[in-house]
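This report walks through a single protein chain, from its overall make-up to a few individual residues. Please keep the sequence and the structure in view while reading.

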Amino acid sequence: MLSRVLGIILYALLKNLSLKFILRRPYSESIEILRTKALVMQGATIGDGSVVRNGVFIAYPKNLILGRNVTLGPFSRIYN
C-alpha cells in the first residue's frame, strides 16, 4: 500500500516534467525511467526498454500492461 501511494506521488511530480531541452540526454532519460518506475510501483506491468514520455495520462495504472520496447508518446491518454 505504501509503495502504491509513493508511486502515485512520484508520478504526479514527474508526469509533466520534461527537461529534454535543458539537460543532457542521460539526465532527461533518467526522468523517463523514474516515471516508468512510478507506474510499476502503482501496479503496472511494464516490459524492459519501455518509455513513458511526459504528460501521459493513465486512468488505472494498476491495469496497465506494456510489452518490451513500447513508447507512450507525449500527452497520450490511456483508459484501461
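## Surface and overall make-up

The protein chain exposes about 5,500 Å², and carbon and sulfur atoms supply 61% of that area. The model is a predicted one. Of the 80 residues in the protein chain, 30% count as buried.

The protein chain contains 2 helices and 6 strands. Read from the N terminus, the elements come in the order α-α-β-β-β-β-β-β. Some contacts in the protein chain join residues at least 6 apart in sequence; among these, 25% join residues at least 24 apart.

## The nonpolar core

Which residues make up the largest nonpolar core? This core has 11 residues in all: Y11, A38, L39, A44, I46, V52, V56, I58, L64, L66 and L72. In soluble globular proteins, nonpolar side chains tend to be buried together.

A44 is one of the core residues. When neighbours within four places in sequence are left aside, A44 is in contact with L39, P61, K62 and L64. Of these partners, L39 and L64 are also listed in the core.

## A nonpolar patch on the surface

Nonpolar residues also appear on the outside. M1, L2, V5, L6, I9 and L13 make a nonpolar surface patch of about 660 Å².

Two members of the patch can be looked at one by one. M1 is placed in the segment before α1, a helix that covers 2–14. M1 counts as exposed because its relative accessibility is 78%, and exposed means over 50%. L2 lies in helix α1. L2 has 62% relative accessibility, so L2 counts as exposed too.

## The loop between α2 and β1

Q42 is found in the loop between α2 (25–41) and β1 (45–46). Is Q42 buried or exposed? Its relative accessibility is 9%, so Q42 counts as buried; the cut-off for buried is under 20%. The side chain of Q42 reaches the backbone oxygen of G7 at 3.1 Å. Beyond its neighbours within four places in sequence, Q42 is in contact with R4, G7, I8, Y11, P61 and K62. Among these partners, Y11 belongs to the largest nonpolar core. L2 and Q42 are 40 residues apart in sequence, and their C-alpha atoms are 9.7 Å apart in space.

G43 is found in the loop between α2 and β1 as well. G43 counts as partly exposed because its relative accessibility is 36%. With neighbours within four places in sequence left aside, G43 is in contact with P61 and K62. P61 and K62 also appear among the contacts of Q42 and among those of A44. The C-alpha atoms of G43 and L64 are separated by 7.9 Å, although the two residues are 21 residues apart along the chain.

## The salt bridge

How many salt bridges does the count come to? The count comes to 1 salt bridge. In this pair, the side chains of E32 and R53 meet at 2.6 Å, N to O. The pair links distant parts of the chain, 21 residues apart: E32 is in helix α2, and R53 is in the loop between β2 (51–52) and β3 (57–58).

The two partners can also be described by their accessibility. E32 has 17% relative accessibility, so E32 counts as buried. R53 has a relative accessible area of 27%, so R53 is partly exposed.

## Two residues with positive phi

Most residues other than glycine have a negative phi. Against that background, two loop residues can be noted. N69 has a phi near 55°, a positive value in a residue other than glycine. N69 is found in the loop between β4 (65–66) and β5 (71–72). N69 counts as exposed because its relative accessibility is 57%.

F75 has a phi near 60°, again a positive value in a residue other than glycine. F75 lies in the loop between β5 and β6 (77–78). Why does F75 count as exposed? F75 counts as exposed because its relative accessibility is 55%, and the cut-off for exposed is over 50%.

Technical notes:
Residues numbered from 1 in each chain as written. Predicted model: local features only at pLDDT ≥ 70, side-chain atom pairs only at ≥ 80, totals over all residues. Heavy atoms only, no water. Patch = residues over 30% accessible without salt bridge, like charges linked within 9 Å, V, L, I, M, F, W, Y side chains within 5 Å. Areas by Shrake-Rupley, 256 points an atom, 1.4 Å probe, with all protein chains shown as cover. Salt bridge = Lys/Arg side-chain N within 4 Å of Asp/Glu carboxyl O. Helix = DSSP H or I, 4+ residues; strand = E, 2+ residues; numbered from the N terminus. Buried < 20%, exposed > 50% of the residue type's maximum accessible area, 1.4 Å probe, protein only. Core = buried A, V, L, I, M, F, W, Y, C linked by side-chain atoms within 4.5 Å. Contact = heavy atoms within 4.5 Å. Polar contact = N/O pair within 3.5 Å; in protein donor to acceptor, adjacent residues only side chain to side chain.
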